[in-house]
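Here is a structure to look at with a few labels in mind. Each label should be earned by a value.

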Amino acid sequence: MSLAISIDDVRSAAKQIQGVAARTPLIENIKLNQIAGGRVFIKPECLQHTGSFKFRGAYNRLSRLNDEEKECGVLAFSSGNHAQGVARAAQILGIAATIVMPEDAPTLKLEATRGYGAKVILYDRYNEDREEVARRVAGDSGVIVVPPYNDPFIMAGQGTSALEVADDLANMGITPDQALVCCGGGGLASGSFTVYGEIFPDMQGYVVEPAAFDDVKRSLETNTIQTVDFAARSICDALLTPSPGPLTFPVLQENQVKGVTISDNEACEAVAFAARHMKLVAEPGGAAALAAVLAGKVETAGKNTVCIISGGNIAPALLQDCLSTRD
């Protein structure tokens, strides 16, 4: 079975977003390396436009639309980061955007999405299916639906972050032993491991999920797509997807990626660590991979580890809570 994307698609996406998306750095932290017992290279996508990696895939997708499609406008469904990425990309490209968002999405993300000029439609994530809501909103309008992860252009766009990591490591003469990627539906992970699997074939890949949303981990272990319990909850609002995508999952399988999980408390501890010791603002879901390193979920001693902070859109009150209750 052919996979949805190849590294050539990611390289094409890199050219498409060049000069529009930010090229975020690759950084190290002395305290983190001491805790890990090895070298940990952090990709801070919390510094990306709209505060997360999602802008990469959104701009790659929207900028590929033809003039007729652009006239129809775009529709997306998201808990917040994809919403902001699509809204900002649409604003840049002069495309009307409508975003279906859960009514309990962080106020910060709702306001930012509206601030980029998008129309926001709210739904109840615990009693309504967001894709069904999106289909109902779209009707027969001809609007272009932009999914959050299960789309080749989205996947390739997200993978550009890993392409930058690979370039930076090559310039440093370093070969990574492993990479940890925060994971919801698998868009970032599939794009990233498409790159890592090609350039670093001996590297082990890990997806990191909240413990209550371990659908990708269980899917990889059983070789069949698993779903999340409808009653599941987590503070990691950016990672609350019900299952991996039919396009993203085979990519993770092909690259023999493994799954690990973190608790909400471990996510908040990582948020506090990033703020205190790295001077980076991370949201709980965006700090999931860092949380896995700090909590020792993978062996890091004597290894070169790549770790992404995928987003930094956190409410000030939650950030304060993480900082005030954790060392």
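What follows is a short run of questions and answers about this model.

The model is predicted: local features need pLDDT of at least 70, side-chain atom pairs count only at pLDDT 80 or more, and totals for chains, interfaces and linings use all residues. Residues are numbered from 1 along each chain as its sequence is written, and side-chain values use heavy atoms, with hydrogens and water left out.

Q: Why is Asn60 called buried?
A: Buried means under 20% relative accessible area, exposed over 50%, and partly exposed in between (1.4 Å probe, protein chains only). Asn60 has 0% relative accessibility, so Asn60 counts as buried.

Q: Where is Asn60 found, and in which helix?
A: Asn60 is in helix α3, residues 54-62. Helices (H or I, at least four residues) and strands (E, at least two) are DSSP runs, numbered from the N terminus.

Q: Which residues is Asn60 in contact with, leaving aside neighbours within four places in sequence?
A: Contact means heavy atoms within 4.5 Å. The partners of Asn60 are Ala13, Gln16, Ile17, Phe153, Ala156 and Gly157.

Q: What makes β4 and β5 edge strands?
A: Two strands pair if DSSP finds at least two bridges between them. The open sheet has four strands in the order β4-β3-β2-β5, with parallel pairing. Strands β4 (119-123) and β5 (144-145) each pair on one side only.

Q: How many bridges join β2 to β3?
A: Four bridges join β2 (residues 74-77) to β3 (residues 97-102), and the two strands run parallel. One bridge partner pair is Ala76 with Ile99 in β3.

Q: What is notable about the phi of Thr50?
A: Most residues other than glycine have a negative phi. Thr50 is not a glycine, yet has a positive phi of about 65°. Thr50 lies in the loop between β1 (39-44) and α3.

Q: Is Thr50 buried or exposed?
A: Thr50 has 9% relative accessibility, so Thr50 counts as buried.

Q: Why is Asn223 called exposed?
A: Asn223 has 56% relative accessibility, so Asn223 counts as exposed. Asn223 sits in the loop between α10 (215-222) and α11 (248-254). Asn223 also has a positive phi, near 60°.

Q: Why is there no bond between Cys268 and the closest cysteine sulfur?
A: A disulfide is a pair of cysteine sulfur atoms within 2.5 Å. The closest sulfur to that of Cys268 is in Cys322, at 3.4 Å, so the distance is too far for a bond.

Q: How many disulfides does this rule give?
A: The count is zero.
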